[in-house]
Each structure stands twice: as structure tokens, then as C-alpha cells.
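Student: Could you take me through one part of this model closely, with its packing and its surroundings? I would like one connected account.

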Amino acid sequence: MKFLSFLAKACAILAGLLLTVITLITCASLIGRNTTGTTLLGDYELTAVAAGAAVALFMPWCQLRRENIIVDFFTTKFSDSFNAKLDRVGSLVLGLAMFAICWRTGIGGMSAYESQTTTMMLGFPEWVVYAAMVPPLFLTGLIALAQTFFGNFSEQSQ
């Protein structure tokens with residue numbers, strides 16, 4: 001469990017670094033555009049590919065901390081043990097969904113690699129973004145399955 005926690009934290013740190021880079025690129029582009037009239041070539045493309053990877057990289061940490069959106073309006077009157085069972089069922093469903101998304105993202109990445117699709121301005125290979133998204137999606141599925149069978153272990157790993 002500690003290893004999954006470590007990997008989730010590493011993914012979140014990497015996502016934070018990516019978002020910092022996106023912010024710096026956006027600032028540099030805006031400052032250049034508004035002062036000298038020049039902009040960074042492909043700033044929009046870089047922002048788009050990095051943001052997609054960052055979203056996937058934040059997902060394992062979100063699942064580990066159980067910070068995803070839960071609508072508990074209908075279950076507030078139920079016992080804690082019943083709600084814990086519902087949480088485990090939800091973790092199972094989410095885990096299976098993450099594995100399906102991971103699988104389809106991998107297939108999309110292989111397709112992008114085979115067709116050698118690239119971004120329009122920079123010619124950045126699109127398969128790289130897919131490849132960067134597969135491991136954190138898989139990790140999210142693993143964490144969700146671990147929570148299904150072992151309960152919420154995020155407090156134990158802090």
C-alpha cells in the first residue's frame with residue numbers, strides 16, 4: 001500500500017511541475033505578445049498536451065485520498081458500515097472504468113504512433129501524450145481496486 005501511495009504522490013508532483021511549466025509558457029507568451037508583439041510558437045499546443053497529461057497524473061492522488069466527488073445525499077441516513085460497503089462498490093466500479101479508459105488510451109496511443117500523427121504547429125508526436133497518460137490511469141485503477149478489497153488506506157500511508 002505504501003508503494004501505491006508513493007507512486008500516487010510522485011504522479012501528483014509531476015502533474016504540479018507540468019502545470020507550473022504550462023503557467024510559465026503561458027506567461028512568457030502573453031508578456032511577449034503584449035510587449036514586443038511576438039509569441040511562443042505552439043504555446044497553445046504545448047498547453048493542451050501538458051494539461052491532458054497533468055489531469056491523468058493527478059487522478060491517482062485524488063483516488064488515494066478519496067477526494068473525488070461523492071454524492072451522499074441519499075446515503076446520509078445509512079450506517080457508517082453500509083456507507084463503507086457502498087464506497088467499496090464505488091471503488092470497484094471506478095477501478096474497472098479506469099482500466100477500460102487505460103486500455104482505450106493505450107490503443108489510441110498505438111494508433112497515433114502507427115499513423116505518426118503530430119500537432120499542427122510544432123509537429124509534436126501525439127502518441128507521447130497517450131503514453132504519458134496510460135501509467136497514471138492504470139495506477140488509479142490499481143488504487144481503486146486496492147481500496148475495494150482493503151478499504152481506505154490513505155490514512156495509513158501518510
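Tutor: Let us begin at the end of one helix and work back into the packing. Helix 4 is followed by Gly151, whose phi is positive, near 85°, in what is a predicted model. Helix 4 itself runs over 127–150, and its length can be checked: at 1.5 Å a residue its 24 residues should span 34 Å, and the end C-alpha atoms are 35 Å apart, which agrees.

The buried residues of this helix are Val129, Pro136, Leu137, Leu139, Thr140, Gly141, Ile143, Ala144, Ala146, Gln147 and Thr148, and what covers them includes helix 1, helix 2 and helix 3 (80–115). An α-helix has 3.6 residues a turn, so residues three or four places apart point the same way.

Among those buried positions, Leu139, Ile143 and Ala146 belong to the largest nonpolar core, a set of 10 residues that is completed by Leu4, Ala8, Cys11, Ala15, Ala54, Leu57 and Leu64. Helix 1, helix 2 and helix 4 each supply at least two residues of this core, and the largest share, 4 residues, comes from helix 1.

Helix 1 (2–35) therefore merits the same check of length: its 34 residues should span 50 Å at 1.5 Å a residue, and the end C-alpha atoms lie 49 Å apart, in agreement. Its buried residues are Leu4, Ser5, Ala8, Cys11, Ala12, Ala15, Ile22, Ile25, Ser29 and Gly32, with helix 2 and helix 4 included in what covers them. One of these, Ala15, is in contact with Ala54, Leu57 and Phe58 once its neighbours within four places in sequence are left aside. Just after helix 1, Gly37 takes a positive phi of about 85°.

Positive phi is also found at two residues that are not glycines. Arg66, with a phi of about 60°, lies in the loop between helix 2 and helix 3, and it counts as buried because its relative accessibility is 18%, under the 20% cut-off. Gln116, with a phi of about 55°, lies in the loop between helix 3 and helix 4, and its relative accessible area of 48% makes it partly exposed.

Finally, on the surface, Leu41, Leu46, Met120, Met121 and Leu122 form a nonpolar patch with about 540 Å² of accessible area together. Leu41 sits in the loop between helix 1 and helix 2 (43–64), and it is exposed, with a relative accessible area of 55%.

Methods:
Residues numbered from 1 in each chain as written. Predicted model: local features only at pLDDT ≥ 70, side-chain atom pairs only at ≥ 80, totals over all residues. Heavy atoms only, no water. Patch = residues over 30% accessible without salt bridge, like charges linked within 9 Å, V, L, I, M, F, W, Y side chains within 5 Å. Areas by Shrake-Rupley, 256 points an atom, 1.4 Å probe, with all protein chains shown as cover. Salt bridge = Lys/Arg side-chain N within 4 Å of Asp/Glu carboxyl O. Buried < 20%, exposed > 50% of the residue type's maximum accessible area, 1.4 Å probe, protein only. Core = buried A, V, L, I, M, F, W, Y, C linked by side-chain atoms within 4.5 Å. Contact = heavy atoms within 4.5 Å. Expected span 1.5 Å × (residues − 1).
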